[in-house]
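Good morning, everyone, and thank you for making time for this. I would like to walk you through one structure slowly, a region at a time, so please have the sequence and the picture open as we go.

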Amino acid sequence: MDPINLFDYEQLAQQRLPAVIWDHIQGGSDDSLTVRANRQAFERLRLRPRVLVDVSVIETHTTVLGTPIQLPILVGPTAGHMLAHPEGECATAQAAEQAGTIMIVSGFSSRTIEDIRASTQGPLWLQLYSYHSLEVTGQFVQRATAAGYQAIMLTVDTAHLGHREQDIRNNFQRSRFVPLANFIDNDVSETPLRHLVDTWETVDWLRTITHLPIILKGILTPEDALLALQHGVSGIVVSNHGGRQLDGAITSIEALPDIVQAVNGGCEVYLDSGIRRGSDVLKALALGARAVLIGRPVFWGLAVNGGAGVHHVLELLHAELTMSMALAGRPTLSSLDPSLIKMPERRV
Ligand code: FNR
């Protein structure tokens, strides 16, 4: 089968990856309620297309924190790309550059952040948790700065690692398959992480040790979005971690409108969790996201065809977004607004 959409990639990747790795990538926490809800929430939204608009030219380029990108779709931070391909994050970074977008490298990458940086000219951001000491975290931020990473994304929804039952049943340990390349010398293990005690003070501390813009990933309420603004962040990612943290958490796309309203332009707002179609991207942007991130589909591309697979995944989403914009009569990103969306009736 030649994959023509992300679900084809998903199916092919499942055939190629060992079951324990597949389960780890796909897995949600507890009952995977939020994993399923992420898709259902996008599927429930209906679009209100406008007609007889000149859509001969469709423009999808934009900027995120001032960096130009060709499509409003970023490679989200996910740990251990060597789980899916021997070149790991280096292949992914090249694919992101080719597609004209940014890769956000997970601190738990299986290639070092310096190797990844050396493998591409494209813009890179670094995601981190705060690790077992502020010293280790601080040194890591300095390394990323020296290597030329352009922003720091602190993930804030992982006070504990979600209860991923499939991983527990399989006794999955990432370190059996791939290295925590960045921390070979630091004795950092995935758990326990120091961020068990992360608070808003950690964000303030981070601001004192770096001049890079800070983005918080894992915000789901307007209350926390406003706090993030007060603590001086440049961006937030509305995210439920792809349903891998709090099971039953609100979906990102449902949380987005209230958050965008509360933030009121005070920082950039991105979204992830469940993006699989160009029309999902369209819906998120119409409701006020500046860009979206993808997580699992990157692994699917890697598993099927390495960097070329990731590039194709991004191209497919880009092409679908372009088509959706044309059919919706919205030829530019600035023409997107909430009037494109018919919100589902609220049921009590
Ligand atoms: C993740 N995610 C994640 N997030 C993060 O901030 N740091 C990390 O190291 C990881 N690692 C990771 C590994 C794997 C295998 C998955 C599937 C996910 C979460 C990720 O950034 C993102 O929030 C979700 O994957 C988005 O949902 P979708 O696109 O997978 O539905």
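Before anything else, one term: two residues are in contact if their C-beta atoms, placed from the backbone, lie within 7 Å. Please also keep in mind that what you see is a predicted model.

Let me begin with helix α4, which covers residues 89-99. Nine of its eleven residues are buried, so α4 is largely enclosed by the rest of the structure. If you want to find the buried ones on your screen, they are Glu89, Cys90, Ala91, Thr92, Ala93, Gln94, Ala95, Ala96 and Ala99. And what covers them? The cover over the buried residues of α4 includes the strands β4 (73-75), β5 (103-106) and β6 (124-128), together with the helices α5 (113-118) and α12 (296-328). Just after α4 comes Gly100, and the phi of Gly100 is positive, near 85°.

Staying in this part of the chain, look at the loop between β4 and α4, where you will find Met82. Is Met82 buried or exposed? Met82 is buried, because 20 other C-beta atoms lie within 10 Å, and 20 is the number at which a residue begins to count as buried. If we set aside its neighbours within four places in sequence, Met82 is in contact with Gly88, Ser110 and Val178. Val178 deserves a second look, since it is 96 residues away from Met82 along the chain, and yet the C-alpha atoms of the two are separated by 6.2 Å.

Now for two pairs that are also far apart in sequence. Thr158, in the loop between β7 (152-155) and α7 (165-170), is 176 residues from Ser334 along the chain, and their C-alpha atoms are separated by 34 Å. Leu327, which belongs to helix α12, is 173 residues from Leu154, and in that pair the C-alpha atoms are separated by 37 Å. Both Thr158 and Leu327 count as partly exposed, because Thr158 has 18 C-beta neighbours inside 10 Å and Leu327 has 15.

Let us move on to helix α10, residues 252-263, in which Ser252, Ile253, Glu254, Ala255, Leu256, Ile259, Val260 and Val263 are buried. These buried residues pack against several elements, namely the helices α3 (33-44), α9 (222-230) and α11 (278-286) and the strands β8 (214-219), β9 (235-238) and β10 (268-271). After α10 comes Asn264, with a positive phi near 50°.

One of those partners, α9, lets us describe a helix pair in detail. Two packed helices are described by the angle between their axes and the distance between the axes. For α9 and α10 the angle is about 35° and the axes are 9 Å apart, and the crossing is right-handed. Which residues of α9 and α10 meet? From α9 come Pro222, Ala225, Leu226 and Leu229, and from α10 come Asp258, Ile259, Ala262 and Val263. Sorted by character, the residues of this contact are seven nonpolar, no polar and one charged.

In the loop between β9 and α10 sits His241, where UniProt, in an unreviewed entry, places the feature "active site". His241 counts as buried because it has 24 C-beta neighbours inside 10 Å. Apart from neighbours within four places in sequence, His241 is in contact with Asp157 and Gly218.

There is also a ligand to consider, with 22 residues around it, of which Ser106, Thr155, Gly242, Gly295 and Arg296 come nearest. The shell around the ligand divides into six nonpolar, twelve polar and four charged residues.

Last, a point about the backbone. Most residues other than glycine have a negative phi, and most peptide bonds are trans. Against that background, look at the loop between α2 (19-26) and α3, which holds Asp30 and also Ser32. Although it is not a glycine, Asp30 has a positive phi of about 45°, and Ser32, also not a glycine, has a positive phi of about 55°. Asp30 is partly exposed because it has 15 C-beta neighbours inside 10 Å, and Ser32 is partly exposed because it has 18 other C-beta atoms within 10 Å.

That is where I will stop, and I am happy to take questions.

Key
Residues numbered from 1 in each chain as written. Predicted model: local features only at pLDDT ≥ 70, side-chain atom pairs only at ≥ 80, totals over all residues. Buried ≥ 20, exposed ≤ 12 C-beta atoms within 10 Å, placed from the backbone. Helix = DSSP H or I, 4+ residues; strand = E, 2+ residues; numbered from the N terminus. UniProt positions renumbered as here; feature names shortened; annotations may be inferred. Axes fitted to C-alpha atoms, helices over the stretch in contact; angles between N-to-C directions. Left-handed = near helix turned anticlockwise from the far one by under 90°. Nonpolar A, V, L, I, M, F, W, Y, C, P; charged D, E, K, R; others polar. Near = placed C-beta within 6 Å.
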